[in-house]
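Trainee: I should like to be introduced to this structure through a few questions.

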Amino acid sequence: MEGTNPVNKKLVAALSGGAALVVALTGCGGGGGESNKKVNDWAKTVCDEVQPQLKKIQSANAAIQAASDEPDSKKLQQTDSQAFGDISEAYAALGKAVQNAGAPPVKGGEQTQKQAVKELNSTSKAYKDLQTAVDKLDTSDKAKFAAGLNSIADDLKTLSNSGDKALQKLQEGEVGKAMAKQPGCQKPKGTSTASPS
């Protein structure tokens, strides 16, 4: 079976939804209102840790996209597995960054921080589970492999949709404005922002 792999295309489509999370984290527009120094310091602490993780997530997404035409099931499996593992690690690191920064110095900051850490850690675990699922797929049978990847793409779509809620919460109000001003929380250059449908 030569040519494009329609199943991995579905994975790519689901991933571009996942990129919404990265965009959610980095797309919050600043502007208006001077944030106080404490909030800015907090945002800098988090954002300095965010940038390398965003790059890691984007590289992993790019690897899956690059493999979307890969006819060799085994190679495709290895690429997807590695990418999910990297994304899982990146979310775990983001969770740790928010945890280590402490609660943002705003009203309800502690609750917001706890929720964001919980969400990031559960997203990390979900990607780890996807990695395990990819590793278990039978690459010797193309039809079975395709069906397995299909199911993983569906899980990924669900994950993408639920993943960004806590981060959006983290970026409301003063904290969001402060984060938007930090270079570390701005999208790495040269990235495409695929808008999820």
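Trainee: Is the crossing of α2 and α7 left-handed or right-handed?

Mentor: This is a predicted model, in which local features need pLDDT of at least 70, side-chain atom pairs count only at pLDDT 80 or more, and totals for chains, interfaces and linings use all residues. Residues are numbered from 1 along each chain as its sequence is written, and side-chain values use heavy atoms, with hydrogens and water left out. A crossing is left-handed if the near helix is turned anticlockwise from the far one by less than a right angle, and right-handed if clockwise. By this rule, the crossing of α2 and α7 is right-handed.

Trainee: At what angle do helix α2 and helix α7 pack?

Mentor: Helix α2 covers residues 37-66 and helix α7 residues 173-181, and their axes (lines fitted to C-alpha atoms over the stretch in contact) are 8 Å apart. Angles run from 0 to 180 degrees between N-to-C directions. Under 35 degrees counts as roughly parallel, over 145 as roughly antiparallel, 65 to 115 as roughly perpendicular and the rest as oblique. The two helices are therefore oblique to each other, at an angle of about 55°.

Trainee: Which residues in α7 are met by α2?

Mentor: Contact means heavy atoms within 4.5 Å. From α2, the participants are Val39, Asn40, Trp42, Ala43, Val46 and Cys47. Their partners in α7 are Glu174, Val175, Ala178 and Met179.

Trainee: How many helices are there in the protein?

Mentor: Helices are DSSP runs of H or I with at least four residues, and strands are runs of E with at least two, numbered from the N terminus. The protein has 0 strands, and its helices number 7.
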